[in-house]
Structures are given as C-alpha cells and as structure tokens.
Amino acid sequence: MTKEFKRSDGRKLDEMRPMSAKVGVIPSADGSAMWKQGDTIAIAAVHGPKKMHPQHQQDPSTGKLRCNYTLMSFSVSDRARPGKNRRSQEIDQIINWAIEPALLIKNYPNMVIDVSINITQADAGTRCAGINAAVLALAHAGIPMKTMVSSVALGKLDKTLVVDINKAEEDFEEGEGSTDIPVTMTHDGKITHMQLDGKITPKQMTDVMKMAKKACDEIYEIQKKALKDSIGGKE
Amino acid sequence: MDKFQTTSDVTGERIKQYLAKGKRFDDRKLDEFRDIEIEVGISKKAEGSCRVKIGKTEVLVGVKMGLGTPYADNPDKGNLMTTAELTPLSSPRFESGPPKFEAIELSRVIDRGIRESKVIDFEKLCIKEGEKVWTVFVDIYSMNDDGNLMDAAGIGAVVALKNARMPKYDEKKGVIVYGEMTDEKLPLSKDIPLAITAHKIGDSIIVDPTLEEEDLSEARVTVGFSDGIISSMQKGNSAPLTPEEFEKVFGIVEIAWKDIFKKIERFVK
C-alpha cells in the first residue's frame with residue numbers, strides 16, 4: 001500500500017463514511033429500518049412470515065426469504081427507469097444469499113418473508129446499505145436469527161485498498177483504476193457474499209478480507225445500537 | 001394465501017355510526033386533514049424531492065429532468081411524465097411487479113392535476129423546436145399506506161416541483177451535466193394545484209380517510225384544485241353521487257385546499 005494515496009473526501013484508507021441507522025421507520029410493516037452510509041440511504045421493510053404465495057412455491061422443508069431491491073428513479077443522477085431490470089433481479093438474489101445464513105428460516109415451512117429494499121439516495125454501495133438495512137428490519141420484525149450480517153464495499157483505487165467506497169471513488173480511473181468489492185460478513189467473520197469487478201491479486205484479497213472484517217465490526221456496533229434504541233435499551 | 005386484512009364489518013359499522021353524527025375515530029372533523037409533515041431535499045441526486053407525511057401515510061416524490069423529443073402535436077413544448085409505484089414496502093396489500101390499476105390511476109390523476117392547472121410553462125422547456133425539449137419526470141413512491149396516498153402524492157408532486165432546480169445543460173454537446181445544478185427554478189406559475197379527494201361513506205362526505213375509512217369508501221372524487229379553480233377531476237368507484245353531494249364535495253375541497261395550503265405554504269414559495 002502506498003502511504004501517499006489521498007482519498008477524494010479526505011478519509012483515511014480504513015475509515016468508513018458516517019453511518020446512521022433507525023429502526024421502525026415504516027409503521028405498517030412488520031419490521032423496518034433505515035440505513036445511511038455517507039450519501040447512500042436505504043430503507044427496508046419486512047412483511048411476514050406469511051403463507052407463501054404462489055402456492056406452488058411453498059416448500060414444506062423450509063421457509064423462504066424473498067428480497068426485493070429497488071433503486072428509486074430519483075436516487076441517481078441519470079434517472080433510473082422504474083421497474084425491475086436485470087441488475088436489480090441479480091441484486092435481489094445476491095441479497096437473499098447474503099442474509100439467509102443468518103436466519104433460522106427452517107422454522108417457517110411453507111412460509112415466505114418478504115423484504116423490500118428501496119434506495120432513496122445512491123452514492124455507491126447501495127446493495128451493501130440495502131443488506132444492512134434489511135437485516136435490521138428482519139431483526140426488528142422479530143425473525144429469529146443466529147447472527148447479524150454486515151455489509152461494506154471495499155475498493156482498490158489504483159494500487160491502494162480502501163474501505164467503503166463512494167461514487168467518486170467507484171468512478172476512479174487513474175493508474176489501475178477502481179476495483180469494487182462488496183462483501184457481507186456474519187458477526188463471527190464468515191463471508192456470505194462477495195463480488196468483485198476490476199483487477200486484484202490473491203495476496204491483496206487477504207488484506208481485503210481483513211479490512212472487511214474490521215469495517216463490518218464497526219457496522220455491527222451501529223446496527224446493534226439502532227436495535228437497542230428501538231426498544232429503549234441502553235448501551 | 002392469507003388475504004390482506006380489510007376493515008372488519010363491526011369496525012365498519014361503528015365508523016359509519018360515528019360519521020352519521022359528524023364524528024371520526026381520531027376526533028377529526030369530516031373536512032379536516034391529519035397533520036401534514038414535509039421534508040424537502042430527501043435525495044441529493046434529484047432535481048427536486050420531498051417526503052410528505054399525512055398522519056402515518058407517507059410518500060416520497062422526486063423530480064428528475066431529462067432530455068427528450070417533443071410530441072408532434074406540441075413541437076415547441078416540453079414533456080411531463082408522472083409515474084407512481086405503490087411499493088410492497090409500504091403495505092402488505094401491494095405486490096411487486098408491473099404497476100397495477102391503482103398505481104396507474106394514481107399517476108394519471110396526479111399528472112392531469114399538474115398538467116391541466118398549467119402550473120408548468122411547457123413552452124419554456126423547449127430547447128429546440130421540433131427536436132429537443134426538457135422532460136419533467138415526477139416519480140412518486142408510497143412508503144407507508146395509512147389511507148389517502150392520492151392526496152399525499154399530489155402535495156408531494158407540487159412541493160418537489162416548486163423546490164426543483166434546473167440541471168446544468170451543455171449547449172455545445174447537447175447533454176445534461178449531471179451533478180451540477182443551476183440556481184434556476186423550473187418555469188412554474190404561482191399556482192398551488194393540489195389533488196384533493198373526497199370520499200362518500202354512507203351519507204357522509206369526508207376528506208383524508210385513514211386506511212380503515214378508505215376501505216369503506218363507496219365512491220371518491222379527486223379534484224385538481226388551485227385557489228378557487230377546478231382544473232381536473234376524477235370520480236372513482238361505482239356508487240353514484242347526487243348533484244347536491246357533488247356540490248358538497250366542492251365545498252369541502254375548497255376548505256381542505258385552504259387548510260393544506262396553510263400547512264405547506266412555507267415549502268412552496
């Protein structure tokens with residue numbers, strides 16, 4: 001890692017953007033949460049567990065998690081067309097896979113838990129913010145969970161690894177350019193989701209995973225506090 | 001499949017008994033709105049945006065500006081496109097997928113309310129006649145449904161438009177320079193067109209129903225109204241209204257418009 005590398009917003013290499021979370025933002029939902037990470041804002045709501053519909057998708061051996069990710073049309077500079085596209089369909093499934101290991105989903109045979117995730121303002125790392133919001137909403141809905149998951153997008157800007165990249169960094173083009181690595185981890189450090197676009201060596205990936213763990217631990221503390229705050233608990 | 005919960009018959013009967021005496025569960029008068037909360041600038045990426053809460057009902061509305069070609073019959077005028085999504089996030093009653101009738105109707109009624117009020121000067125949104133014009137996108141998302149999403153959307157559309165700024169336009173390249181807003185507002189008149197919906201329940205006419213009350217609505221009339229002038233209207237559902245009931249609707253709408261205007265005035269200057 002080169003020491004001289006300066007991030008455009010002046011953060012340290014391992015410094016997260018300011019984060020905040022609030023649980024219970026949507027009264028009609030069974031569980032809900034807002035997650036803010038820099039200028040990226042995600043709102044998630046849980047409906048269920050309820051009987052799976054359509055019926056042919058019911059599975060007597062387990063319940064199902066059904067995440068639905070929406071990038072609001074006005075959350076990005078160039079208006080996003082409303083409705084599902086290939087990107088959002090892939091992200092739906094990525095989020096399912098990222099979160100499901102944390103849930104005791106087998107407790108709900110034939111049922112479905114619907115999680116709607118809406119991005120109201122996007123500044124990179126929207127799937128990660130969505131996961132952080134979704135898992136909070138699931139906890140708020142009282143869905144039994146083994147652990148929490150926390151998600152963050154790391155980046156390699158030219159040769160330097162940084163944590164929690166923003167849009168300007170995602171569009172970084174100097175040197176080796178920008179590599180975008182969204183990672184989701186359980187609290188005990190297992191990786192439930194990892195994607196990568198760019199180029200990086202296996203050796204650097206070891207550092208990526210170390211940095212991700214540290215970042216996820218920070219995120220976890222904020223998630224925990226938001227949940228405690230929602231029931232008037234004290235840290 | 002678990003059917004979504006509708007207002008139970010006993011609750012419905014009680015609501016009707018109350019309304020007949022001019023009362024409501026939450027102590028409001030029949031022509032009175034719930035508290036309205038507004039927050040502007042909820043998305044930095046939007047040219048204009050806001051959050052509107054009416055009681056527990058909440059919508060987000062964003063205005064985006066895009067470039068388009070004018071319609072052949074209006075070569076010197078900009079375009080307006082209004083969409084609404086009744087998100088599954090906001091209610092167990094809404095499912096994901098292509099917009100259903102409710103969402104289509106909502107966006108069309110709000111669209112006409114804005115368009116017909118002439119609040120937007122579309123001629124000023126023309127860049128090159130017959131070739132290039134601005135398109136104003138008004139996108140509405142429901143966040144929590146506790147009745148009366150329509151009026152919340154109408155308020156949100158006006159507030160978002162009034163707070164919107166034109167993006168920077170690169171004349172040479174003919175493209176929008178995203179991320180750079182000008183200080184210039186959209187070409188709007190001083191009008192505050194609002195969609196106000198009156199519902200008929202039994203023999204009563206009410207505004208701003210909660211979800212429980214909305215379930216009992218036999219017919220509704222949405223009026224696009226701005227300071228004494230009706231510029232659009234839509235009657236929904238099949239129960240008929242007498243001309244006298246329509247007159248009552250217009251009276252109530254006028255009162256409601258003044259009530260809402262006072263509550264949102266500082267956000268629409």
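The following is a short conversation between a student and a tutor about a predicted model.

Student: Happy to start with the basics. How many helices and strands does chain A have?
Tutor: Walking from the N terminus, the elements run β-β-β-β-α-β-α-β-β-α-β-β-α. Counting each kind for chain A gives 4 helices and 9 strands.

Student: What radius of gyration does chain A have, and how does that fit the globule rule?
Tutor: Good thing to check! For 235 residues the globule rule gives 18 Å, and chain A comes close to that, so it is as compact as a globular protein of that length. Its C-alpha atoms fill a box of roughly 55 × 40 × 30 Å along the principal axes. The radius of gyration itself is 18 Å.

Student: Among contacts in chain A between residues at least 6 apart in sequence, what share joins residues at least 24 apart?
Tutor: Contacts here are C-beta pairs within 7 Å. Taking those between residues at least 6 apart in chain A, the share that joins residues at least 24 apart is 71%.

Student: Now the sheet with β6(A): which strands are at its edges?
Tutor: Let's lay out the order first: this open sheet has 4 strands, β7-β6-β8-β9 of chain A, with antiparallel pairing. Strand β6(A), residues 149-157, is joined to β7(A) by 4 bridges, and one pairing is that of Gly155(A) with Val162(A). An edge strand pairs on one side only, which holds for β7 (160-163) and β9 (191-194) of chain A.

Student: Which strands of chain A does helix α4 lie across?
Tutor: Helix α1 (residues 86-99) of chain A packs on the sheet too, touching β6, β8 and β9 of chain A, with its direction at about 160° to that of β9(A). Helix α4 (residues 202-230) of chain A runs at about 140° to β6(A). The strands that α4(A) lies across are β6, β7 and β8 of chain A.

Student: Which residues touch the most other members of the largest nonpolar core?
Tutor: In soluble globular proteins, nonpolar side chains tend to be buried together. The largest core here has 136 residues. One of its best-connected members, Ala134(A), is in contact with residues including Ala44(A), Cys67(A) and Ile95(A), leaving aside neighbours within four places in sequence. The residues you asked for are Ala33(A), Ala133(A), Ala134(A), Leu154(A) and Ala153(B).

Student: Last one: which element gives the most to the side of chain B that touches chain A?
Tutor: Across this interface, 32 residues of chain B are in contact with 28 residues of chain A. On chain B, strands β3, β4, β6 and β8 each supply at least two residues. The residues on that side divide into 12 nonpolar, 11 polar and 9 charged. With 5 residues, the element that gives the most is β6(B).

Methods
Residues numbered from 1 in each chain as written. Chains lettered and ligands numbered in written order. Predicted model: local features only at pLDDT ≥ 70, side-chain atom pairs only at ≥ 80, totals over all residues. Rg over C-alpha atoms; globule rule 2.2 N^0.38 Å. Contact = placed C-beta atoms within 7 Å. Nonpolar A, V, L, I, M, F, W, Y, C, P; charged D, E, K, R; others polar. Core = buried A, V, L, I, M, F, W, Y, C linked by C-beta atoms within 7 Å. Buried ≥ 20, exposed ≤ 12 C-beta atoms within 10 Å, placed from the backbone. Pairing = 2+ DSSP bridges. Axes fitted to C-alpha atoms, helices over the stretch in contact; angles between N-to-C directions.
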